[in-house]
Amino acid sequence: MTTLLTRTDLPLRLLRRGKVRDVYDLGDALLMVASDRVSAFDVVLPQPVPRKGEVLTLLSAWWFARTRDIIPNHFISVDPQRIAAQYPMLEQCREYWARRAMLVHRAEPYPVECVVRGYLAGSAWSEYRQDGTLAGERLPAGLVEAARLDPPVFSPATKAEEGHDENIPRARMCEILGAEAAERLRAASVALYARGRELCAARGILLADTKFEFGRAPDGSALLIDEAMTPDSSRFWPSDGYTPGIPQPSFDKQPLRDYLEGLARAGAWNKQAPGPDLPAAVVEATTVRYQDAFRRITGAELDQFPLEEPGGT
Ligand SMILES: Nc1ncnc2c1ncn2[C@@H]1O[C@H](COP(=O)(O)OP(=O)(O)OP(=O)(O)O)[C@@H](O)[C@H]1O
Ligand SMILES: [Mg+2]
């Protein structure tokens, strides 16, 4: 069992603290440490969620090993033995990073989030309901909430430094990245989503949508970076009981979102930082969901998850 962690202070140079990950600078490599911080509506909540960091890191590692034939990724290792051997200063503080840290190749992130949607939910449903479009492009009329999108729709978003990401049209993505890079990332995203949807479907899960990030490697090639197909970057729905036309229950932060929406409706929270304290039952429901997502997707228990070297380079 890993230590419950809101933040890390490892004896390395901190590059940045994101909402969830603390990123340390190791020159050509980075140590990305997923804390147990949880965010909703882009606000980090005061209470950490036990084992969440472990789930995000090990599930990403699982996906990286299963998608590297589509596009290379930044994964080097999640093996604490190997990481400590390479960075001996980490030996003394293993409980703060082991199983939640991923050693990765550093890349220069492309400033666009690559979202692929196979079902109409969240901000895509809001946009469609209002304008009949998704990322500015027209969709067929008459789609209902949670409708399946065939083929899946690529809907890029800008990576906001502060606040909410904004969906952008494909033309805007081409302006930002150049047409060639934009097309490369679109094609990779769609192929990655197809792999994710297929592997999830075999386990009774609908991968409703997911977000990828890519970076430019020093040799100019594109790498899949950040996290991959985790409950923080995706919506997972049970295939059982899938009912278009209504919001679907999901394996991720649903209990947390429901609680916070309740507070917002009651006028007790305005969806701005600071986030409200979470009752123990909400934290408990959330940790159960994350661990359940891991178990259902990989077919393995988190504790038994072999720290194999899946596709390390
Ligand atoms: N291989 C990599 N090279 C460089 N940067 C990376 C790499 N992989 C991930 N990153 C960046 O590290 C950060 C991970 O932190 P985290 O996911 O907690 O941030 P976030 O809260 O999602 O994002 P932000 O704070 O940017 O809104 C992201 O900014 C991501 O773009
Ligand atoms: Mg992130």
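The following dialogue concerns the ligand site and the cysteines of a predicted model.

Student: Where does ligand 1 lie with respect to domain 1 and domain 2?
Tutor: Domain 1 spans 1-106 and domain 2 spans 109-252. Both domains give residues to the shell around ligand 1, so the ligand lies between them.

Student: Which strands each supply at least two residues of the shell around ligand 1?
Tutor: The shell has 18 residues, of which Arg16, Lys19, Arg21, His74 and Glu213 come nearest. By class, eight are nonpolar, three polar and seven charged. The strands that each supply at least two shell residues are β2 (21-26), β3 (29-34) and β7 (101-105).

Student: What percentage of the accessible area of ligand 1 does the protein cover?
Tutor: A nitrogen atom of ligand 1 lies 2.9 Å from a polar side-chain atom of histidine 74, and a nitrogen atom of the ligand is 2.9 Å from a polar backbone atom of histidine 105. In the side chain of glutamate 213, an N or O atom is 2.7 Å from an oxygen atom of ligand 1. On its own, ligand 1 has 620 Å² of accessible area, and the share covered by the protein is 89%.

Student: How many disulfides does the structure hold?
Tutor: A disulfide requires two cysteine sulfur atoms within 2.5 Å. The cysteine sulfur closest to that of cysteine 114 is in cysteine 174, 11 Å away, which is too far for a bond. The number of disulfides is therefore zero.

Student: Is cysteine 174 buried or partly exposed?
Tutor: Buried means under 20% relative accessible area, and exposed means over 50%. Cysteine 114, at 0%, counts as buried. Cysteine 174 has 32% relative accessibility, so this residue counts as partly exposed.

Conventions: Residues are numbered from 1 along each chain as its sequence is written. Chains are lettered from A and ligands numbered from 1 in the order in which they are written. This is a predicted model: local features need pLDDT of at least 70, side-chain atom pairs count only at pLDDT 80 or more; totals for chains, interfaces and linings use all residues. Side-chain values use heavy atoms; hydrogens and water are left out. A residue is near a molecule or strand if one of its heavy atoms lies within 4 Å of it. A polar contact is a pair of N or O atoms within 3.5 Å; within protein, one must be able to donate a hydrogen and the other to accept it, and residues adjacent in sequence count only if both atoms are side-chain atoms. Accessible areas come from the Shrake-Rupley method with a 1.4 Å probe; for residues, only the protein chains shown count as cover. Helices (H or I, at least four residues) and strands (E, at least two) are DSSP runs, numbered from the N terminus. Ala, Val, Leu, Ile, Met, Phe, Trp, Tyr, Cys and Pro count as nonpolar, Asp, Glu, Lys and Arg as charged, and the others, Gly among them, as polar. Domain bounds come from an automatic or database domain assignment. Buried means under 20% relative accessible area, exposed over 50%, partly exposed in between (1.4 Å probe, protein chains only).
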